[in-house]
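Welcome! Here is a short briefing to help you find your way around a new protein model. Take a look at it first, and then we will go through it topic by topic.

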Amino acid sequence: MLLTIDVGNTHTVLGLFEGEDVIEHWRLATDARRTADEIAVVLQGLLTQSPLLKGADISGIAICSTVPSVLNEMREMCRRYYGDVTAVIVEPGVRTGVPVRMDNPKEVGSDRIVNALAAIDQYGGPCIIVDFGTATSFDAVSAKGEYVGAVTAPGIEISVDALAAAGAQLHKVELVRPRSVIAKNTVEALQAGIIYGFAGQVDGIVERMAAELADDPDDVTVVATGGHAALVVSESRSIDVHEPWLTLIGLRLIYNRNAG
């Protein structure tokens with residue numbers, strides 16, 4: 001089985017593949033203070049406790065990370081505890097098959113390249129990936145499978161935290177759909193602003209990107225992923241597909257390209 005690990009700024013998502021299928025998955029808080037030994041203890045605990053994985057054998061590991069300090073500890077964890085398992089870490093020199101058409105390709109996060117590869121493989125191009133993470137990122141991929149550009153906006157959780165910190169009578173609320181857009185209380189007013197506000201942001205940005213990306217914007221497939229995607233997908237006019245495991249799928253593809 002292939003273990004895939006996507007280390008984001010806020011959360012770390014792990015998925016276990018059997019062939020092309022995700023058979024188990026976990027979401028953890030990303031903690032830059034965790035050592036390689038602590039990561040190994042957490043990982044082995046998850047693998048041991050899962051009722052789906054009795055006697056599971058990890059044959060490969062694929063990792064991408066936007067947090068350099070965590071990536072260093074992940075690398076050490078693989079060396080110390082899984083030394084006999086092939087590990088592929090997405091970094092310069094790793095074959096992705098995605099040409100990056102940016103002014104400085106090194107500025108593009110590894111997770112965004114991984115998502116681009118998965119979207120092209122699963123849905124074809126041109127496409128736009130909307131990743132609802134710490135930031136809300138929009139990635140444009142051409143019909144030829146080239147990563148051609150991006151938009152980055154503040155993420156849902158960052159925006160909620162900033163609003164709660166700045167408003168004396170405002171506080172963090174549960175992120176669920178309110179009864180109506182026109183709210184009758186402060187909690188639902190905040191929920192409406194967050195969910196419908198971000199849905200409108202997504203539709204507006206995607207519409208402009210699609211107009212630049214293709215002669216016919218209707219040819220562009222819009223793929224949503226990330227921890228908060230489910231909040232917005234049903235309220236957005238522009239999202240075609242919700243794929244929560246997009247990054248993990250991309251890691252599986254990159255592992256196959258590099259580990260043979």
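A residue is called buried when its relative accessible area is under 20%, exposed when that area is over 50%, and partly exposed in between, using a 1.4 Å probe and protein chains only. This is a predicted model, in which local features need pLDDT of at least 70 and side-chain atom pairs count only at pLDDT 80 or more, while totals for chains, interfaces and linings use all residues. Residues are numbered from 1 along each chain as its sequence is written, and side-chain values use heavy atoms, with hydrogens and water left out.

**The overall picture**

- The protein has seven helices and ten strands; these are DSSP runs numbered from the N terminus, with helices being H or I over at least four residues and strands being E over at least two.
- The radius of gyration of the protein is 19 Å, which agrees with the value near 18 Å for a compact globule of 260 residues. This radius is taken over C-alpha atoms, and the globule rule is 2.2 Å times the number of residues to the power 0.38.
- Along the principal axes, the C-alpha atoms fill a box of roughly 60 × 45 × 35 Å.
- Of the 260 residues, 47% count as buried.
- Among contacts (heavy atoms within 4.5 Å) with a separation of 6 or more, 59% are between residues 24 or more positions apart.

**Surface and charge**

- About 13,000 Å² of the protein is exposed, and carbon and sulfur atoms supply 49% of that area. Accessible areas come from the Shrake-Rupley method with a 1.4 Å probe, and for residues only the protein chains shown count as cover.
- The side chains include 20 positive and 34 negative ones, and the centres of these two sets lie 4 Å apart. Lys and Arg count as positive and Asp and Glu as negative, with His and the chain ends not counted; each charge is placed at NZ of Lys, CZ of Arg, CG of Asp or CD of Glu.

**The annotated residue, D111**

- An unreviewed UniProt entry gives D111 the annotation "active site". UniProt positions are given in the numbering used here, feature names are shortened, and annotations may be inferred rather than shown by experiment.
- D111 belongs to helix α3, which covers residues 110-123.
- Is D111 buried or exposed? D111 counts as buried because its relative accessibility is 17%.
- Setting aside neighbours within four places in sequence, D111 has contacts with D6, C64 and T66.

**Strand β1: L3 and T4**

- L3 lies in strand β1, residues 2-7, and T4 is found in strand β1 too.
- L3 is buried, with a relative accessible area of 0%, and T4 counts as buried at 0% relative accessibility.
- L3 and I61 are 58 residues apart along the chain, yet their C-alpha atoms are separated by 4.7 Å.
- Beyond residues up to four places away in sequence, L3 touches G15, L16, L43, I58, G60, I61 and A62.
- T4 and R252 are 248 residues apart in sequence, while their C-alpha atoms are 7.0 Å apart in space.
- With neighbours within four places left aside, the contacts of T4 include V13, L14, L248 and R252.

**Helices α4 and α5**

- V160 sits in helix α4, residues 156-166, and counts as buried at 7% relative accessibility.
- Not counting residues up to four places away in sequence, V160 touches K172, L175 and I194.
- The C-alpha atoms of V160 and G97 are separated by 37 Å, with their positions 63 residues apart along the chain.
- G200 is part of helix α5, residues 186-213, and counts as partly exposed at 40% relative accessibility.

**A cis peptide bond**

- The peptide bond from G125 to P126 is cis, with omega near 0 degrees. In general, most peptide bonds are trans.
- P126 is in the loop between α3 and β6 (127-132).
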